[in-house]
Amino acid sequence: LKCLNELVDPLPNELILHMNDYLKVLSDFAGDESVGVRKLVCQGIVQLLDIRAEYLRPHIAPVSSFMLIATSDTNPTVSMEACEFWLTFASQTPDVISPDMSDTVQNLLP
């Protein structure tokens, strides 16, 4: 997972071609018992949001829900990584944030 996350920043064509597989791996490991794995899942999502948010748009509702739960993780390392998602999300320019993404976040707020 760490190796895959390292590929997000240069985002080679091979990763783009297998983006759904990468997202599935992140999803599959989201509930892992290992703190290190959950931390890497959060880091991968944040990197993708920061560099190529369009790949998260179709999955923003479950990703946001996961990150909200991860923000409350009992391990402070995981919860801090999850907080980075919200900071990165809030830092996006309006042209990057789709209406679906904004609606999803508004639905998460009380």
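Q: What does valine 25 touch, not counting residues up to four places away in sequence?
A: In this predicted model, valine 25 touches Leu1 and Leu4. Touching here rests on heavy atoms within 4.5 Å. Valine 25 itself is found in helix 3.

Q: Why does valine 25 count as partly exposed?
A: Its relative accessibility is 25%. Buried means under 20% and exposed means over 50%, with partly exposed in between, so valine 25 at 25% counts as partly exposed.

Q: How far apart are the C-alpha atoms of valine 25 and valine 41?
A: They are separated by 8.8 Å, and the two residues are 16 residues apart along the chain. Valine 41 is also one of the helix 4 residues that meet helix 3.

Q: What makes up the contact between helix 3 and helix 4?
A: From helix 3 come Met19, Tyr22, Leu23, Leu26 and Phe29, and from helix 4 come Val37, Arg38, Val41, Gly44, Ile45 and Leu48. Sorted by kind, the residues of this contact are 9 nonpolar, 1 polar and 1 charged. Gly counts as polar and Arg as charged, so Gly44 and Arg38 supply those two entries.

Q: How do the axes of helix 3 and helix 4 cross?
A: The axes of helix 3 (residues 19-29) and helix 4 (residues 35-52) come within 9 Å, and they cross at roughly 145 degrees. The crossing is left-handed.

Q: Why is leucine 40 called buried?
A: Leucine 40, placed in helix 4, has 18% relative accessibility. Buried means under 20%, so leucine 40 counts as buried. Leucine 40 touches Leu1, Lys2 and Asn5, leaving aside residues up to four places away in sequence. Leucine 40 and lysine 2 are 38 residues apart in sequence, with 6.4 Å in space from C-alpha to C-alpha.

Q: Why does glutamine 47 count as partly exposed?
A: Glutamine 47 is found in helix 4, and its relative accessibility is 27%. That value falls between the 20% and 50% cut-offs, so glutamine 47 counts as partly exposed. Its contacts, not counting residues up to four places away in sequence, are Asn5 and Val8.

Q: Is leucine 11 buried or exposed, and what makes it so?
A: Leucine 11 has a relative accessible area of 8%. Since buried means under 20%, leucine 11 is buried. Leucine 11 lies in the loop between helix 1 and helix 2. Leucine 11 also has a positive phi of about 45 degrees although it is not a glycine.

Q: Why is proline 12 called partly exposed?
A: Proline 12 is in the loop between helix 1 (2-6) and helix 2 (13-17). Its relative accessible area is 24%, and partly exposed runs between 20% and 50%, so the label fits.

Q: How do you know that the span of helix 5 agrees with what it should be?
A: Helix 5 (residues 60-71) has 12 residues, and at 1.5 Å a residue it should span 16 Å. The end C-alpha atoms of helix 5 are 16 Å apart, so the two values agree.

Q: Which residues of helix 5 are buried, and where around the axis are they?
A: The buried residues are Ile60, Val63, Ser64, Phe66, Met67 and Ala70. These buried residues cover an arc of only 165 degrees around the axis, which means they are on the same side of helix 5. On the other side of helix 5, Pro62 and Ile69 are exposed.

Conventions
Residues numbered from 1 in each chain as written. Predicted model: local features only at pLDDT ≥ 70, side-chain atom pairs only at ≥ 80, totals over all residues. Heavy atoms only, no water. Axes fitted to C-alpha atoms, helices over the stretch in contact; angles between N-to-C directions. Left-handed = near helix turned anticlockwise from the far one by under 90°. Expected span 1.5 Å × (residues − 1). Buried < 20%, exposed > 50% of the residue type's maximum accessible area, 1.4 Å probe, protein only. Arc of directions from axis to C-beta.
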